Amino acid sequence: MPKPRSPEPPGQGEPTEGELLGPAQAGEPGAAHRLGRLYAQRGDRAAARHWWERAAAGGNIDSAYNLGIWHEKHGSLDDAITWYEFAAGAGDAEAAVNLATLLLEQRGDVRGARHWYETAAGTGSRPAARRLALLCEDIGDATAAREWHHRAASAGDLASAHDLAFLNYASGDEGPARAWWEYAARGGHPDAAYHLGRLLHAGRDPEGAEALYRLAAKADHPGAASQLGRLALARRDLRTARAWFERAAHFGRVDDQRMAGFVCVELEDARAASHWFGRAAASGDPESAYNFGLLLIAEHNDLRGGRHWLRQAALAGHQGAAQELDTLQSVIGDAADGAPREPAAAPAALDRPVEPELAARAELAVASAGRRGGTVLRLADLAEILGTWDVLTRRLREQPADVAAWLADRSGLPVTAVEHLASVRLTLVRPGTAPWPTPAEVEHVLATCRALRKRLGAG
């Protein structure tokens with residue numbers, strides 16, 4: 001709900017109620033408006049509405065604007081539209097923005113909303129330009145969206161600068177994307193700082209990325225804290241890594257809870273490791289359930305609890321957990337609560353970390369595709385696609401002229417399936433070459449990735 005224009009505080013020489021009443025009753029719009037403000041300041045809304053109606057009828061635009069807000073607040077949408085149109089038609093940009101927003105959100109009138117946003121934006125209204133840009137994105141008018149985001153960003157709107165960077169990134173224009181993220185980051189936009197950091201990381205500049213992660217982390221950006229943890233871990237600075245991972249984990253991020261658990265194991269803090277593995281396991285993370293089960297058995301001699309969490313991991317397809325359950329059963333000599341001897345049938349995911357620059361590309365693709373209610377993609381899936389191609393081609397002494405055909409020939413898979421993998425992989429590392437993949441495409445390509453690794457012995 002927009003806020004009404006606040007009544008001006010009374011100052012020296014401010015007309016009193018008695019001084020305003022006569023001119024207002026005589027039909028003076030300015031006096032009626034000021035009298036309405038006076039009553040609004042006192043909290044007498046009925047009287048304020050009465051005098052604003054008298055003032056608006058005489059052509060006072062501020063009174064018409066306030067009446068639009070009054071009626072919108074009290075659910076009289078038709079009256080609100082009438083008064084907003086009155087003020088907006090006379091050139092009031094705020095009224096035009098409020099009218100457009102009401103039409104869009106309450107009436108679903110996209111055409112009317114766009115008209116009034118354009119009217120307001122044409123007068124230089126930065127909020128109108130941003131809202132118009134978002135509307136254009138939602139209806140698929142990318143060219144207009146970029147234009148209006150550019151206008152809003154050039155006028156200092158950091159959120160539009162951040163959005164404009166994503167539009168450029170998705171179309172393959174990394175130079176402008178970097179420039180707009182940098183502009184927004186310098187203005188204090190933490191998401192822009194983080195995504196610029198990911199872009200630098202994708203470009204193999206971890207030092208530059210780290211500076212931006214630190215900037216974002218000052219605003220408690222959990223993703224930035226996570227990346228700082230990974231950078232510290234790569235330097236084997238375990239205590240710093242633990243601090244950053246725990247900071248990110250407090251936001252409920254399962255991956256960071258798991259990483260905090262691993263680092264605590266390295267630091268020989270079994271109690272803290274159990275805490276973080278336990279939290280992640282309770283959220284359904286199989287790897288954490290596996291490690292939590294092992295810790296309960298090894299550190300606390302809790303066979304029952306350990307067996308429970310190993311079973312949860314095994315049921316989710318964790319091979320190591322299933323093997324530990326078999327071993328545990330042979331030691332304690334009873335059935336492990338019906339735990340499976342073999343893990344549930346599940347495709348084998350990539351069993352090695354993905355290179356940091358590829359992980360950054362995958363995350364930028366997920367964030368870009370998912371903007372404004374777009375396609376929801378899983379980071380782990382995209383990272384696996386990029387990691388698979390990297391694993392299969394990294395050790396080639398000479399790149400074949402047609403890598404996809406070579407992989408198909410070596411694996412026995414249909415060349416069309418491997419070419420589809422190659423196409424999706426290219427889209428992720430070089431945005432703009434094709435639209436972001438759909439979830440169905442990702443599932444199809446993941447199946448190809450897993451078949452390739454199995455047939456070529458790449459894990």
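This text describes two helix pairs and one pocket in a predicted model.

Two packed helices are described by the angle between their axes and the distance between the axes. The first pair to consider consists of helix α5, residues 77-89, and helix α6, residues 93-107, whose axes come within 8 Å and cross at roughly 150 degrees. This crossing of α5 and α6 is left-handed. On the α5 side, the contact is made by L77, D78, A80, I81, Y84, E85, A87 and A88; α6 contributes A95, A96, N98, L99, L102, L103, Q106 and R107. Sorted by class, the residues in the contact of α5 with α6 comprise 11 nonpolar, 2 polar and 3 charged.

The second pair joins helix α10, residues 158-170, to helix α21, residues 356-369. Their axes come within 10 Å and cross at roughly 115 degrees, and α10 and α21 are therefore roughly perpendicular to each other. The crossing of α10 and α21 is also described as left-handed. Here F166, Y169 and A170 of α10 meet R361, L364, A367 and S368 of α21. That contact contains 5 nonpolar residues, 1 polar and 1 charged.

Helices α10 and α21 appear again in the lining of the second largest pocket, which has a volume of about 370 Å³. Of the 16 residues that line this pocket, E137, A142, L167, A170 and R371 are the closest to its centre. The elements giving two or more residues to the lining are α8 (126-138), α9 (142-154), α10 and α21. The largest share, 3 residues, comes from α10. By class, the lining of the second largest pocket divides into 7 nonpolar, 4 polar and 5 charged residues.

Key:
Residues numbered from 1 in each chain as written. Predicted model: local features only at pLDDT ≥ 70, side-chain atom pairs only at ≥ 80, totals over all residues. Heavy atoms only, no water. Axes fitted to C-alpha atoms, helices over the stretch in contact; angles between N-to-C directions. Helix = DSSP H or I, 4+ residues; strand = E, 2+ residues; numbered from the N terminus. Left-handed = near helix turned anticlockwise from the far one by under 90°. Contact = heavy atoms within 4.5 Å. Nonpolar A, V, L, I, M, F, W, Y, C, P; charged D, E, K, R; others polar. Parallel < 35°, antiparallel > 145°, perpendicular 65-115°, else oblique. 1 Å grid on protein atoms, 1.4 Å probe; cavity = no way out; pocket = protein on both sides within 12 Å on 5 of 7 lines; lining within 4 Å. Points joined across faces, edges and corners; volume = space filled by probe spheres on them.
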